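Opened a new notebook page today. I want to look at one pocket and one chain contact, and jot down what turns up.

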Amino acid sequence: MTAPAPAERMAALEAELVADYATLHLVEQAGTLRIRGSFPVKVGEQVLTWFRVEIALPAEFPHALPIVWETGGRIPRVPERHINTADGSACVVLPDAFWMSQDRAEVSLLEFLRGPVHNFFLGQALVETGQPWPFGEWAHGASGVREHYAALLGTSAPEAPAQLLRFALQQVKGHRSCPCGSGRRLRKCHGDLLRRIRQRVPADALRQALQRINTGK
Amino acid sequence: MTPLEYLNAILVSQTLKEDGEEFKDLRKHREDVEKLLRTKYSTPSIRYGGSKAKGTMILEAYDLDIICYFDNGDTSAGDSLEDIYSNVRKLLENDYHVVPKPSALRLQSPKQIDFHIDVVPGRFTDESKSDAFLYRSSGEKKRLKTNLDVHIAHVRDSGVRDALKLVKLWRVRNQLAVSNFVLELIAIDLLSAKKKDDLDKQMTHFFAELAAQADTITPKDPANPEGNDLSDALNQMVRGELTALAARASGRIADKNWEAVFGPVPATGDGEEKPAQLRRAVEAVTTPTKPWSR
């Protein structure tokens with residue numbers, strides 16, 4: 001099957017989008033598809049608040065995550081509010097954690113909006129009222145990536161996350177020692193986890209995660 | 001609820017209270033900005049415009065324009081209009097994060113929280129202090145002739161202010177690329193023969209006509225009808241977006257689905273505080289996710 005032509009792809013995405021989000025629409029700008037409008041934070045059908053957004057769909061979408069900006073000047077541009085100060089984009093979710101929650105290495109636009117994007121703006125609205133993030137928050141930068149993979153392995157061994165990622169990027173046999181440090185063979189320990197990571201997390205995301213851990217950024 | 005009742009309920013939900021936090025903040029920022037401007041420039045006329053003066057303020061889009069016009073012969077902020085724009089910008093950058101707009105300077109906090117304030121530097125065209133020239137950073141012409149009083153009167157006395165508030169809400173909710181000023185002019189023009197109609201009929205007419213005419217319509221600036229070319233504010237991308245979204249709104253209205261255009265009427269009167277509502281939303285989340293930071 002060939003990839004849909006840009007106009008067809010845009011029409012299909014638009015139809016998918018507007019059925020659930022009446023105040024969002026798609027535009028094409030310099031070859032990139034962007035979603036613009038107001039994002040509702042809802043409980044049931046009740047809208048509690050709106051955030052103005054722009055969401056870019058990268059060329060690799062749905063194999064890469066959309067990039068979200070809050071454009072209404074409501075959220076301070078600081079890391080503590082999970083805004084990337086370099087380009088103002090919102091760090092709505094740790095990509096590795098999101099990919100692991102999916103069945104395959106593809107993202108559904110609506111599921112991304114209903115899940116991480118909604119939770120992010122719900123959290124922002126709560127933080128505005130002086131309350132903590134409702135579901136917790138990942139540590140910033142490489143620390144958050146390390147925290148995620150360490151939690152998957154159930155270990156605090158500092159080298160374990162990088163070793164897990166190296167294994168995920170290589171064709172490693174099951175007789176190797178498990179990166180969690182248990183001393184057991186991989187196939188008897190975290191072999192299933194490694195398989196799931198390979199199935200769900202795109203290789204580019206794995207490489208980026210490993211690079212972050214290696215460089216500490 | 002009839003369409004008219006629904007639209008009126010939306011307007012009520014978008015009304016700013018005179019003693020509300022938004023007005024208090026605006027007044028405080030207005031004083032701070034004027035004080036800052038006066039530290040360096042004692043001569044310009046400083047006045048206030050924007051949606052409050054026009055009577056089109058809504059909760060989701062309330063802006064204050066701080067007009068800072070120098071006398072015709074006054075060069076204290078520079079010789080050219082561009083110098084005035086740049087020097088006022090530099091002064092404001094001492095205290096604010098300044099986002100340059102084509103003729104205005106948008107003020108934000110150092111952490112880029114928006115203050116809903118635009119400072120508009122310019123110079124009066126003559127001693128009458130009526131018309132003014134503004135620097136224009138985009139478009140072919142680098143100079144724009146304008147008149148604050150004419151703009152305010154054009155909107156305030158349009159006879160369709162409630163419709164303009166809804167048009168503004170529609171623009172903001174959809175984050176349309178067209179400027180509010182241009183869309184207001186278009187709406188006043190399209191509704192000029194509908195002033196006596198009910199609001200729902202006005203909005204139905206507006207969206208239908210906009211969908212039909214957005215490709216070609218070019219409004220005239222009432223302050224300089226022949227001189228200011230607004231066509232560059234309506235490029236093909238902007239016109240295409242207006243056509244598509246107006247057609248979408250028109251279709252929804254035909255389906256009697258007004259809520260898909262302006263959203264549900266916010267719940268009121270149940271006494272539930274905002275944090276409690278948000279906590280209820282948290283409890284309803286089935287797939288929690290945590291934010292990160294690169």
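My notes on the pocket come first, then those on the interface.

Entry 1, reminder to self. I'm working with a predicted model here.

Entry 2, the second largest pocket. I looked up its volume and got about 640 Å³. I then pulled the lining, and 28 residues came back. Nearest the centre of this pocket I found A:A64, A:L65, A:I67, A:P95 and A:Q208.

Entry 3, who supplies the walls? I checked which elements of chain A give two or more residues to this lining, and noted β4 (67-70), α2 (95-100) and α7 (203-215). Of these, α7(A) has the largest share of the lining, with five residues. I also looked at the domains: domain 1 (6-128) and domain 2 (142-215) of chain A each put at least three residues into the lining.

Entry 4, chemistry of the lining. I sorted its residues by type and got 20 nonpolar, two polar and six charged.

Entry 5, chain A against chain B. I counted 61 residues of chain A in contact with 38 residues of chain B. The buried area between the two chains came out at about 4200 Å², with 59% of that from carbon and sulfur atoms. On the chain A side, I noted that A:H25, A:R52 and A:F135 lose the most area to chain B, together 14% of what that side buries.

Entry 6, charges across the interface. How many salt bridges does the rule find between chain A and chain B? I got two. I wrote down the one where the side chains of A:E14 and B:R248 meet, at 2.4 Å from N to O.

Conventions:
Residues are numbered from 1 along each chain as its sequence is written. Chains are lettered from A and ligands numbered from 1 in the order in which they are written. This is a predicted model: local features need pLDDT of at least 70, side-chain atom pairs count only at pLDDT 80 or more; totals for chains, interfaces and linings use all residues. Side-chain values use heavy atoms; hydrogens and water are left out. On a 1 Å grid over the protein atoms alone, a cavity is a set of points where a 1.4 Å probe fits but cannot get out, and a pocket is an open set with protein on both sides within 12 Å along at least five of seven lines; lining residues have an atom within 4 Å of a point. Grid points are joined across faces, edges and corners, and a volume is the space filled by probe spheres set on the points. Helices (H or I, at least four residues) and strands (E, at least two) are DSSP runs, numbered from the N terminus. Ala, Val, Leu, Ile, Met, Phe, Trp, Tyr, Cys and Pro count as nonpolar, Asp, Glu, Lys and Arg as charged, and the others, Gly among them, as polar. Domain bounds come from an automatic or database domain assignment. Contact means heavy atoms within 4.5 Å. Buried area is the accessible area (1.4 Å probe) that two parts lose on being put together, summed over both. A salt bridge is a side-chain nitrogen of Lys or Arg within 4 Å of a carboxyl oxygen of Asp or Glu.
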